[in-house]
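Student: Hey, got a minute to go through this one with me? I'd like to know which parts I can lean on before I set anything up.

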Amino acid sequence: MELFNSESKKIISDPINVNNPISLQVLGICSALAVTIRLDQAIIMTLAVVFVLCSSNVILSLIRNYIPTRVRIVIMLSVIASLVSVVDELLKAYLYDMSKQLSVFVGLIITNCIIMGRAEAFALKHGPSKAFLDGLGNSMGYGLIIIVVSFFRELFGAGTITLPDGGAGYVLWRIPDSWYAAGYENIGLLVLSPGAFIILGLVIWIQREFAGVEEDA
Amino acid sequence: MNFLRKIFEETGKLVEEGKPLSWAYPVWEAADTIFFSTNKQTTKGPHIRDNMDIKRTMFFVVIALIPCYIFGAYNIGYLNASAMEIDRGLIGNTIFGLTYVIPILIATFVAGAICELTFAIIRKHEVNEGFLVSCALIPLTMPPDVPLWQVIIGTSFGIIIGKEIFGGVGTNIFNPALTSRAFMYFAFPTKISGDKVWAIGPDGYSGATALAIPANPSQYDTASNLFAANTQFDFSMMNMFWGLIPGSIGETNKLLILLGAFFLIYCGIASWRIMVSSVLGLVFTALLLNLLNYFTIDGILQAGGSPNAMLTISPLQHILIGSFLFGTVFMATEPVTSSHTNTGRWIYGFLIGVLTVIIRSINPAYPEGVFLAILIMNMFAPLIDYYVVQANIKMRLARNV
């Protein structure tokens with residue numbers, strides 16, 4: 001099958017834009033609120049979710065004809081849980097600081113609705129290559145939103161922009177002290193969870209405006 | 001007046017439908033109806049012939065706020081003069097204060113007007129008068145030394161998140177002015193948390209507010225110490241009533257707030273039920289806590305591991321300290337976000353009073369509880385109304401059977 005025909009493109013671009021898992025389906029909100037305090041955390045989290053979602057979609061799609069319908073949830077969970085354990089161990093081995101900061105939220109990828117949802121709705125009904133594209137699209141859609149949210153939360157809440165590196169994060173830019181001396185203050189609200197809700201709400205608002213989605217009142 | 005009318009008629013032609021400037025119609029309409037009553041006629045029923053449209057209703061609230069502004073300005077000057085130990089006189093103090101109040105007022109109105117006009121133009125509706133009151137209320141809830149850029153961010157937040165995303169005036173859940181105040185409280189806590197006094201003074205001039213003194217039991221173990229004038233400010237009852245204490249710009253003088261309340265009730269604009277019931281709620285809860293404090297052995301009801309002096313504060317002191325009166329007169333009675341049924345208004349107001357005392361006394365983290373209490377009850381107002389209406393329907397059904 002052709003990898004980049006229009007149908008494949010649609011599979012991969014829809015979840016990023018008009019059918020975004022966070023801003024349109026409102027899934028995976030829990031981790032989107034928790035790991036968006038700093039940009040580097042959001043980037044690592046995105047990579048973890050890309051890996052888990054793509055792999056789980058491909059694996060479940062490959063074995064979809066052998067899974068009895070009645071026990072499919074258990075099998076889906078065990079596949080996803082194994083993949084999450086792999087990610088968790090990898091982070092602990094190579095990015096120990098980051099794994100401490102992300103703490104339980106890597107483990108909680110198991111309960112991220114996006115992953116179970118895509119497995120149930122897509123991977124069990126389509127071939128592995130399509131399932132891979134779907135996983136890639138959805139995880140990128142998830143990542144795009146949390147990266148945007150974390151960028152604004154970190155910039156205005158803590159006054160820094162941090163990129164991931166091997167240790168505690170590489171500070172790309174920091175609001176200069178002269179700004180603080182001139183009276184600038186960080187918006188403390190954005191570091192708290194309500195700030196994540198507000199930023200996420202604004203992102204959803206703008207994203208729906210551009211995607212042209214109208215919801216019935 | 002004829003001259004003005006002519007200007008509006010001439011400029012009105014420019015913004016008619018189909019003309020290139022038609023996007024600016026909301027701006028023209030807003031300016032026009034400030035000076036003249038509208039030409040528009042209702043084409044369908046019901047017809048109400050009354051000059052009291054929303055704009056004029058809102059103006060009455062603004063009129064009621066003007067004394068608070070003037071006193072607020074005087075108070076800033078007075079406190080500054082007493083800290084610097086100079087004498088500027090009545091007029092001098094007021095002018096000194098106005099140089100702090102007017103920039104805040106302008107910042108609020110510019111930010112509010114830009115947000116409001118942007119939404120009016122995009123959504124093609126007329127500019128809503130509600131923003132006048134919201135923008136007139138916001139500076140009164142601000143400390144005098146607040147940075148102007150924070151005022152601009154707070155106002156925009158209040159207008160957009162508190163009002164416009166819900167669909168504008170009439171459909172908002174939360175009071176926009178209070179939303180902006182709450183945002184500032186949590187966003188910039190170093191300046192606006194309410195435990196340090198706000199006054200324009202020399203460097204290092206600070207102290208605890210009347211609300212923070214009993215909440216800080218290491219220094220003041222009972223509320224009676226608070227009124228023994230052992231702080232640098234005179235927190236006697238009389239002085240707190242007259243408002244010569246540091247605080248937000250508009251909330252210190254309780255007499256002017258009461259006058260504003262009578263004015264609004266007399267004009268039929270604000271609901272007296274909400275005001276009365278919230279005071280009742282406050283008195284009830286304060287008495288209850290006093291009673292609890294009296295009957296419990298020292299150490300049972302504690303906040304943060306030490307005896308809670310807030311429990312010993314009498315209801316009258318609760319009314320006088322902080323901005324409870326300002327909140328209940330001007331914020332809680334906002335017609336859109338409060339309850340709409342009369343029974344509902346009693347419940348709504350009563351619970352505002354209850355929550356205010358609970359947040360002030362039981363929760364050591366927040367010195368002031370009025371704005372949180374009103375926002376929480378804003379959220380519940382539609383629910384209260386729903387059950388009041390349902391109860392009425394049930395009662396009438398039962399009567400007819």
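Student: What's the mean pLDDT of chain A?

Tutor: This is a predicted model, and chain A has a mean pLDDT of 84, with 96% of its residues at 70 or more.

Student: And which helix in chain A has the lowest confidence, and which the highest?

Tutor: The lowest is helix α1 (residues 6-13) of chain A, with a mean of 79. Helix α3 (residues 39-62) of chain A comes out highest, at 91.

Student: OK, what does chain B average?

Tutor: Chain B averages 79, and 80% of its residues score at least 70. Over residues 201-205 of chain B the pLDDT is below 50, and that stretch has 6 contacts beyond near neighbours in sequence. Residues 299-305 of chain B also stay under 50, with 11 contacts beyond four places in sequence.

Student: Why not read the coordinates in detail there?

Tutor: Because where pLDDT is low, predicted coordinates shouldn't be read that way.

Student: Switching topic: how is chain B divided?

Tutor: Into domain 1 (2-38 + 55-192) and domain 2 (270-400). The C-alpha centres of those two domains of chain B are 28 Å apart.

Student: How many residues does each one put into the contact?

Tutor: Domain 1 of chain B gives 11 residues and domain 2 of chain B gives 10. On the domain 1 side, helix α7 (residues 176-187) of chain B supplies the largest share, 4 residues.

Student: And what's the nonpolar, polar and charged split on that domain 1 side?

Tutor: It's 7 nonpolar, 3 polar and 1 charged.

Student: Last one: what are the overall scores, ipTM and pTM?

Tutor: ipTM is 0.79 and pTM is 0.81.

Definitions and conventions: Residues are numbered from 1 along each chain as its sequence is written. Chains are lettered from A and ligands numbered from 1 in the order in which they are written. This is a predicted model: local features need pLDDT of at least 70, side-chain atom pairs count only at pLDDT 80 or more; totals for chains, interfaces and linings use all residues. pLDDT is the predictor's confidence in each residue, from 0 to 100. Two residues are in contact if their C-beta atoms, placed from the backbone, lie within 7 Å. Helices (H or I, at least four residues) and strands (E, at least two) are DSSP runs, numbered from the N terminus. Domain bounds come from an automatic or database domain assignment. Ala, Val, Leu, Ile, Met, Phe, Trp, Tyr, Cys and Pro count as nonpolar, Asp, Glu, Lys and Arg as charged, and the others, Gly among them, as polar.
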